[in-house]
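Hello,

I am passing on the structure we spoke about. Please have a look at it first; my notes follow below.

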Amino acid sequence: MTDRVVQATARGDSGPAVAGLVASHTVDVPDFPQPGILFKDLTPLFADGDAFRDTVDAIVAYHGRDSFDVVVGIEARGFVIAAAVAYASGAGVVPVRKAGKLPRSTLSASYELEYGEATLELHADAFTAGQRVLVVDDVLATGGTAAATLDLVERAGGVLAGFSVLLELAFLKGRQRLASRPVHALLTV
Ligand code: AMP
């Protein structure tokens with residue numbers, strides 16, 4: 001862990017030091033992308049080499065580098081995290097994308113957004129049978145995106161090894177929505 005200002009009150013599933021690291025590299029943007037949403041901008045974390053490496057290492061350490069074979073990243077910020085976690089652990093990367101982006105046969109899952117509906121897709125042959133899959137994304141809010149993705153992973157024959165996010169918005173109760181699924185959040189606010 002690099003020497004950084006730690007926000008003593010920060011909490012998360014990998015302890016206060018890495019929680020503080022995420023907190024100190026997150027910028028709150030009010031009313032983006034629409035009025036009433038407090039957007040958690042994690043691009044300052046991605047842009048800081050030491051901080052980014054420490055957060056990626058914390059995800060790998062939490063699960064254990066031999067506990068998964070493939071890392072699924074959710075479009076688009078999840079791709080950044082997935083690629084780094086995969087590289088750090090010797091695993092592969094599989095994208096879950098918004099509808100219409102993947103070129104071959106896909107499985108799809110639709111879910112409700114605050115306004116309207118969204119659809120995510122995964123290549124139907126993304127996994128070999130029994131492959132252990134770690135899913136990563138930047139923010140867990142209501143849990144709709146994660147629930148749809150975890151559903152896709154299991155429908156495609158993957159075995160869920162874990163689900164990690166950098167930041168969890170606890171008041172939106174995503175963890176409860178995922179119920180029996182394992183949730184690992186570096187920072188919970
Ligand atoms: P949800 O499906 O409600 O859990 O939303 C999670 C997805 O939406 C993630 O892929 C996040 O990148 C994005 N997201 C939702 N709310 C926020 C927020 N307040 N700040 C940043 N990203 C968010």
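Where is the place of K173? K173 sits in the loop between β8 and α6 (174–178). Its phi is near 60°, a positive value in a residue other than glycine. Please keep in mind that this is a predicted model.

Two other loops hold cis peptide bonds. One is the bond from F32 to P33, with omega near 0°; P33 belongs to the loop between β1 (27–30) and β2. The other is the bond from E75 to A76, where omega is near -5°. A76 is found in the loop between β3 (70–74) and α4 (77–89).

Now to the ligand. There are 13 residues around the ligand, and D137, D138, T142, G143 and T145 come nearest. By class, this shell is made up of five nonpolar, four polar and four charged residues.

Three polar contacts can be listed:

- T142: a polar side-chain atom is 2.5 Å from an oxygen atom of the ligand.
- T145: a polar side-chain atom is 2.6 Å from an oxygen atom of the ligand.
- K40: a polar backbone atom is 2.9 Å from a nitrogen atom of the ligand.

On its own the ligand exposes 490 Å², and the protein buries 83% of that. Two or more residues of the shell around the ligand come from each of β2 (38–41), β7 (132–140) and α5 (144–155).

Which pocket does the ligand take up? The ligand occupies the space of the largest pocket. About 1200 Å³ of space lies in that pocket, and 36 residues line it. Nearest the centre of the largest pocket are I37, R77, L113, A141 and T145. T145 is thus named twice: among the residues that come nearest the ligand, and among those nearest the pocket centre.

The lining of the largest pocket has 20 nonpolar, seven polar and nine charged residues. At least two lining residues each are supplied by β2, β5 (106–112), β6 (117–123), β7, α5 and β8 (159–168). Which element gives the most to the lining of the largest pocket? That is β7, with four residues. β7 is also one of the elements that give two or more residues to the shell around the ligand.

If you open the model, the contacts of T142 and T145 with oxygen atoms of the ligand are one place to begin.

Regards

Key
Residues numbered from 1 in each chain as written. Predicted model: local features only at pLDDT ≥ 70, side-chain atom pairs only at ≥ 80, totals over all residues. Heavy atoms only, no water. Near = heavy atom within 4 Å. Polar contact = N/O pair within 3.5 Å; in protein donor to acceptor, adjacent residues only side chain to side chain. Areas by Shrake-Rupley, 256 points an atom, 1.4 Å probe, with all protein chains shown as cover. 1 Å grid on protein atoms, 1.4 Å probe; cavity = no way out; pocket = protein on both sides within 12 Å on 5 of 7 lines; lining within 4 Å. Sits in = over half its atoms within 2 Å of the grid points. Nonpolar A, V, L, I, M, F, W, Y, C, P; charged D, E, K, R; others polar. Points joined across faces, edges and corners; volume = space filled by probe spheres on them.
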